[in-house]
Amino acid sequence: MRVLGVIVEYNPFHNGHLYHLTKAKELINPDYVVAVMSGSFCQRGEPAIIDKFSRAEIALLNGVDVVLELPFIYAVQDAGGFARGAVWSLHNTGVVTDIVFGSESADLSFLQTIAEVMVRQPDPFPELMREELKKGHSFPNARKYALMKYFEITKAMEPKEVLKIEKSNDILGIEYIRSIMLLNSPIKPHVVRRVGAEDRDERFHGKFSSATAIRKCISNGEWDKISKALPTSSLRIISRELNEGRGPVFLQHMETMILSKLRLMDRSQLQRLHGFDEGLDKRFVDCALKTTNLEDFFSCVKSKRFTLSKIRRLCLYALFVITGEFVERSNSLGPQYLRVLGFSSRGRELLSKMKRVSRVPIISLCSLYRKVLEQAMKKPERFQLDPQLFEQQLLYDIKATSLHALLFPKHSERIGDKDFKIPPIVIG
């Protein structure tokens, strides 16, 4: 049995995503497809444009058999944390055999070479990395320059080849491979060349436009453009959600929420949270007091060393009070459960197989999570769980969904605890 795993955000699901899924299936010819998908918030520190249940529904209608939620604590980390949590989730299913990800370079050997250096940390790479960070570069740029110097010294690769990892999908691809190596997972990685506009390109390019451009079109109400870039089912469900007042949701809708939280915090409180080092606590406090909107706040904090995506994620860490200890334990021990957001009729068969071999318990109904945990704790020979971390990770998923709902345009749709009210989406 071959089971294809994909790691996605589908924010929203567009023609490029459908192309990737179709090509991945052609490459692997799988019996089933499992997607690990970000929930209410995404990796660049932004809320999803519509809720996770609707996005799961779209995924199922377009050929995914089981949609699992990537726990919030991984969904809002940098590329390394995001990839580690997602790959670990696929590994924990016990059934996924292959992973296919989009790549600008489409050069698996190149990506594996870079990942191996990052895992083995051979001399003199660690020292080169320290030197580049001291120069004030952001972490991604410091790593790029350190890799170029490493390959210049070792002659293992042309240094200029490293420039290929400037693209976001290649960066994530390296982290996926790295995570597979660190977990010693039997999952085999594969690549599909990414088509269309770059991920952060705000310009509309027709059929294969970026998610960023599509979200901008949704914000502007440019439905003639949107309809060209989305599969029919995606367009239909997004339209339904917006017509019923459950979207669109944008980071700007969190402006008062975020700035209020930051103005209520002092430097000592921020210092206890994940990522607030190198003077960022002072920058956040000062900038929150002297700016009146998020755009100005981001400009105030941003520097050569701190990317916009990192600043957005830190805003979420402050809002949700994400401590360094929680992140470290999560990254060390991994996802403590598999949360099912939806499945197809074929996916039901796969879930039955997963329940027999998964490395962590499976949560189908959130209201029964305590029972799931109690039963799992009776099987220490199979499940190596930290019950406190299990509950902590899940409760953050629940809080994230409840907060996301507060951003809906329609007031009657802003009720909390939707995770306890909405069962898994079933298609077919």
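This tour of a predicted model goes from strand β3 to helix α8 and ends at Ser210.

Begin by selecting residues 66-70, which form strand β3, a strand that is mostly covered, with five of its five residues buried. With side chains shown, Val66, Leu68 and Leu70 point one way from the strand, while Val67 and Glu69 point the other way, and all are buried.

Add strand β2, residues 32-38, which pairs with β3 in the parallel sense over five bridges; here Glu69 of β3 is the bridge partner of Met37. If helix α2, residues 52-61, is then included, β2, α2 and β3 can be seen to make a right-handed β-α-β unit. Select next strand β6, residues 338-344, which runs antiparallel to β3 and is joined to β3 by four bridges, with Val340 of β6 standing opposite Leu68.

Move to helix α8, residues 168-183, whose 16 residues reach 23 Å from the first C-alpha to the last, close to the 22 Å expected at 1.5 Å a residue. This helix is mostly covered, with 12 of its 16 residues buried, among them Ile171, Leu172, Tyr176 and Leu183. To see what covers these buried residues, display elements including β1 (3-8), α4 (79-93), α7 (139-154) and β5. Just after α8 comes Asn184, whose phi is positive, near 55°.

Finally, select Ser210, in the loop between β5 (188-193) and α9 (211-220). Is Ser210 buried or exposed? Ser210 counts as buried because its relative accessibility is 0%. Leaving aside neighbours within four places in sequence, Ser210 is in contact with His14, Ala197, Glu198, Asp199 and Asp201, and a polar atom of the Ser210 side chain lies 3.0 Å from the backbone nitrogen of Ala213.

How values were computed
Residues numbered from 1 in each chain as written. Predicted model: local features only at pLDDT ≥ 70, side-chain atom pairs only at ≥ 80, totals over all residues. Heavy atoms only, no water. Helix = DSSP H or I, 4+ residues; strand = E, 2+ residues; numbered from the N terminus. Buried < 20%, exposed > 50% of the residue type's maximum accessible area, 1.4 Å probe, protein only. Polar contact = N/O pair within 3.5 Å; in protein donor to acceptor, adjacent residues only side chain to side chain. Contact = heavy atoms within 4.5 Å. Expected span 1.5 Å × (residues − 1). Pairing = 2+ DSSP bridges. Right-handed = clockwise from strand over helix to strand, strands pointing away.
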